[in-house]
Amino acid sequence: MSGEIPTLTKRKLQAEVIGPIYAEMVAQIGEERASAILDAAIRKAAIAEGKYFADKAGGQTSMADFVKLYELWTADGALEMKVIRADAEHFDFDITRCRYAETYREMGLGKIGHLLSCNRDGTFCQGYDPSIRLDRKQTIMDGASCCTFRYTRSQAAGQ
């Protein structure tokens, strides 16, 4: 997608700022509260980002356009994926290598990587197209061998 910063680069830059802030929050208010705050903030940011891309599409979102957005998330070899199904109602794939997880671990942020990236995946849809839902059973970030992404778009709710 022309003009957009590759998402892996964006997430690494964000993590360089968020990491020390999170560490300070943990020191002052504890890990549970710090994680809850970070989770809420990242989810709100994901919804806002979804709205941004929906606005760029003139509010006329589709599963095909959603699939095209994955060019941002996979840019620079950030994800190795095996597409299982891609049609007007489904985008099903497995991630077999996740450089997001690798990057967060290298930065010493593996413990919060799911908050920084994974939680965005389904939440993004709330802003982009609420008729798209994610069902994911496992992630590499949590130690699985692959991430299972199963996006479904309800045509009844779709445009």
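Reader: How many aromatic pairs does the structure hold, and what makes two rings a pair?

Author: The predicted model holds 16 aromatic pairs. Rings of Phe, Tyr and Trp (its six-membered ring) pair if their centres lie within 6.5 Å; planes under 30 degrees apart are stacked, over 60 edge-to-face, and the rest tilted. Local features need pLDDT of at least 70 and side-chain atom pairs pLDDT 80 or more, while totals for chains, interfaces and linings use all residues. Side-chain values use heavy atoms, without hydrogens and water, and residues are numbered from 1 along each chain as its sequence is written.

Reader: Why is the pair of Tyr-70 and Tyr-151 called edge-to-face?

Author: The ring centres of Tyr-70 and Tyr-151 are 6.2 Å apart and the planes stand at 65 degrees, so the pair is edge-to-face. Tyr-70 belongs to helix H3 (residues 63–74) and Tyr-151 to strand S4 (residues 147–153), so the pair ties together parts 81 residues apart in sequence. Helices (H or I, at least four residues) and strands (E, at least two) are DSSP runs, numbered from the N terminus.

Reader: Why is the pair of Trp-73 and Phe-124 edge-to-face?

Author: With centres 5.2 Å apart and planes at 90 degrees, the rings of Trp-73 and Phe-124 form an edge-to-face pair.

Reader: Why does Trp-73 count as buried?

Author: Buried means under 20% relative accessible area (exposed is over 50%, partly exposed in between; 1.4 Å probe, protein chains only). Trp-73 has 12% relative accessibility, so Trp-73 counts as buried. Phe-124, at 3%, is likewise buried.
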